[in-house]
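Visitor: I should like to be taken through a protein model by question and answer. Please begin by showing it.

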Amino acid sequence: MKHMNKTDYLNLDGRLLQLLVCVHDEGSITRAAERLGVTQSAVSHMLDRLRAIVGDPLFVKSGRGIVATERAAALAVQARGLLDEMRHFVTARDFSPETLDTTITIAANDLQRDLLLPALLHRLRVRAPRLRLRVIPSAVPTVDMLRDAQCHLVISPRPPDGGDIVHKRLFDDSYRVFYDGSQRDAPDGLESYLAAEHVTVVYDNDRLLDFDQSLRALGIERRFAVMVPGFAGVAAFLRGSQFLVTAPGLLSAGQLRGLEHAPLPFAHPPMPMYLIWHARHRHDPAQAWIRGEIMALAEFHGQRGNAAELAPDVGQAPCTRSQENAEPPQDLLPPQRAGAA
């Protein structure tokens, strides 16, 4: 097959890009044809055109189905961005929240979900009454969540690495030690903290929070009595026990309400929270409006958590310790990102 030359790329159009994304997503010529509302022969013909333009087979037989080549998978990511840009080209001037009739998917774990998203939906529906919100767990977010359009936005302390991924710091929160005050006192130092048994969160693949990986790098490990898949499961194990849990302080107003909490008995950097999206949505007016509403909410919660002010750009947010941890006897942990929350 020939490689694309200066003339070939002018033969590309939105329908070919849509076809590539559809076949890639469906993994089937038949299902792609049904989704596009055309015949299988039309899909095959358009694929032949696209193969000639890009100089790659794009999809090859595998058993009874087809699989995308490495080149096709990469092109599908670019095609999504181009299609969004084309959509923006014709709709940007006509955007009005009042006419927005769509579902926005946001990936968030317990803290971000309960802290921000109910209030966000209320704010959004004041001006966009037909907008719907779908929430999925972010766990440890990956670039594919955004590249493959599994979600529009991610709220997480851990932005995935990718040149096409954009993020903005929303606020900082400090870690606190939570415990049942009817059963025990707060740890009075590192020794008593490590002597206790702990409840922790393990999202997937048995990967500990970055907080614990930081400790392990220094040869320090907590003793875990319970590991749960999210902070929603922590309180039930903590009440009536002498266990400790180390968690973001803002959970004291949510899922850990009513439990006693204290500052860590050693210094640790604050936990940042980021809003994350794919570069193809950078100029989308609806997405920009929704991001603005999230940032307005985050500013309020950032102030509650002794947080840094909202950053104007990626990487320019101040990163300050909470007042309670400002002058410890010595820094135990190196400055790095806190674990996924």
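The exchange below goes from the whole chain to selected helices and residues.

Guide: This is a predicted model, in which local features need pLDDT of at least 70, side-chain atom pairs count only at pLDDT 80 or more, and totals for chains, interfaces and linings use all residues. Residues are numbered from 1 along each chain as its sequence is written, and side-chain values use heavy atoms, with hydrogens and water left out.

Visitor: How many helices and strands does the secondary structure of the protein chain come to?

Guide: Helices (H or I, at least four residues) and strands (E, at least two) are DSSP runs, numbered from the N terminus. On that basis the protein chain has 10 helices and 12 strands.

Visitor: What percentage of the residues in the protein chain is buried?

Guide: Buried means under 20% relative accessible area, exposed means over 50%, and partly exposed lies in between, with a 1.4 Å probe and protein chains only. The protein chain has 341 residues, and the buried share is 48%.

Visitor: Among contacts between residues at least 6 apart in sequence, what percentage joins residues at least 24 apart?

Guide: Contact means heavy atoms within 4.5 Å. Among the contacts in the protein chain that qualify, the share joining residues at least 24 apart is 76%.

Visitor: Are H1 and H2 oblique or parallel to each other?

Guide: Axes are lines fitted to C-alpha atoms, for helices over the stretch in contact, and angles run from 0 to 180 degrees between N-to-C directions. The axes of H1 (residues 14-26) and H2 (residues 29-36) come within 8 Å and cross at roughly 130°. Angles under 35 degrees count as roughly parallel, over 145 as roughly antiparallel, 65 to 115 as roughly perpendicular and the rest as oblique. The crossing angle therefore makes H1, relative to H2, oblique.

Visitor: How do the residues of the contact of H1 with H2 divide by class?

Guide: H1 contributes Gln18, Leu19, Cys22, Val23, Asp25 and Glu26, while H2 contributes Ile29, Arg31, Ala32, Arg35 and Leu36. Ala, Val, Leu, Ile, Met, Phe, Trp, Tyr, Cys and Pro count as nonpolar, Asp, Glu, Lys and Arg as charged, and the others, Gly among them, as polar. The contact of H1 with H2 thus has six nonpolar, one polar and four charged residues.

Visitor: Are H1 and H3 roughly perpendicular or roughly parallel to each other?

Guide: H1 packs with H3 (residues 40-54) at an angle of about 105°, and their axes are 10 Å apart. The contact involves Arg15, Leu16, Leu19, Leu20 and Val23 of H1, and Val43, Met46, Leu47, Arg49, Leu50 and Ile53 of H3. By class these are nine nonpolar, no polar and two charged residues. As for orientation, H1 and H3 are roughly perpendicular.

Visitor: Is the aromatic pair of Tyr193 and Phe266 stacked or edge-to-face?

Guide: Rings of Phe, Tyr and Trp (its six-membered ring) pair if their centres lie within 6.5 Å; planes under 30 degrees apart count as stacked, over 60 as edge-to-face and the rest as tilted. The structure holds one aromatic pair. The ring centres of Tyr193 and Phe266 are 5.3 Å apart and their planes stand at 80°, so the pair is edge-to-face.

Visitor: How many residues apart in sequence are the parts that this pair ties together?

Guide: Tyr193 is buried at 0% relative accessible area, and Phe266 is buried at 6%. Tyr193 belongs to H7 (residues 190-195) and Phe266 to the loop between S11 (260-263) and S12 (271-278), so the separation in sequence is 73 residues.

Visitor: Which residues does Glu293 touch, not counting those up to four places away in sequence?

Guide: Glu293 is part of H10 (residues 285-304). Glu293 has a relative accessible area of 17%, so it counts as buried. With that exclusion, the residues touched by Glu293 are Leu120, Arg123 and Leu124.

Visitor: What distance separates the C-alpha atoms of Leu170 and Glu299?

Guide: Leu170 lies in S6 (residues 165-173) and is buried, at 1% relative accessibility. Leu170 and Glu299 are 129 residues apart along the chain, and their C-alpha atoms are separated by 7.0 Å.

Visitor: Is Ala149 buried or partly exposed?

Guide: Ala149 sits in the loop between H6 (143-147) and S5 (153-156). Ala149 has a positive phi of about 60° although it is not a glycine. With a relative accessible area of 46%, Ala149 is partly exposed.
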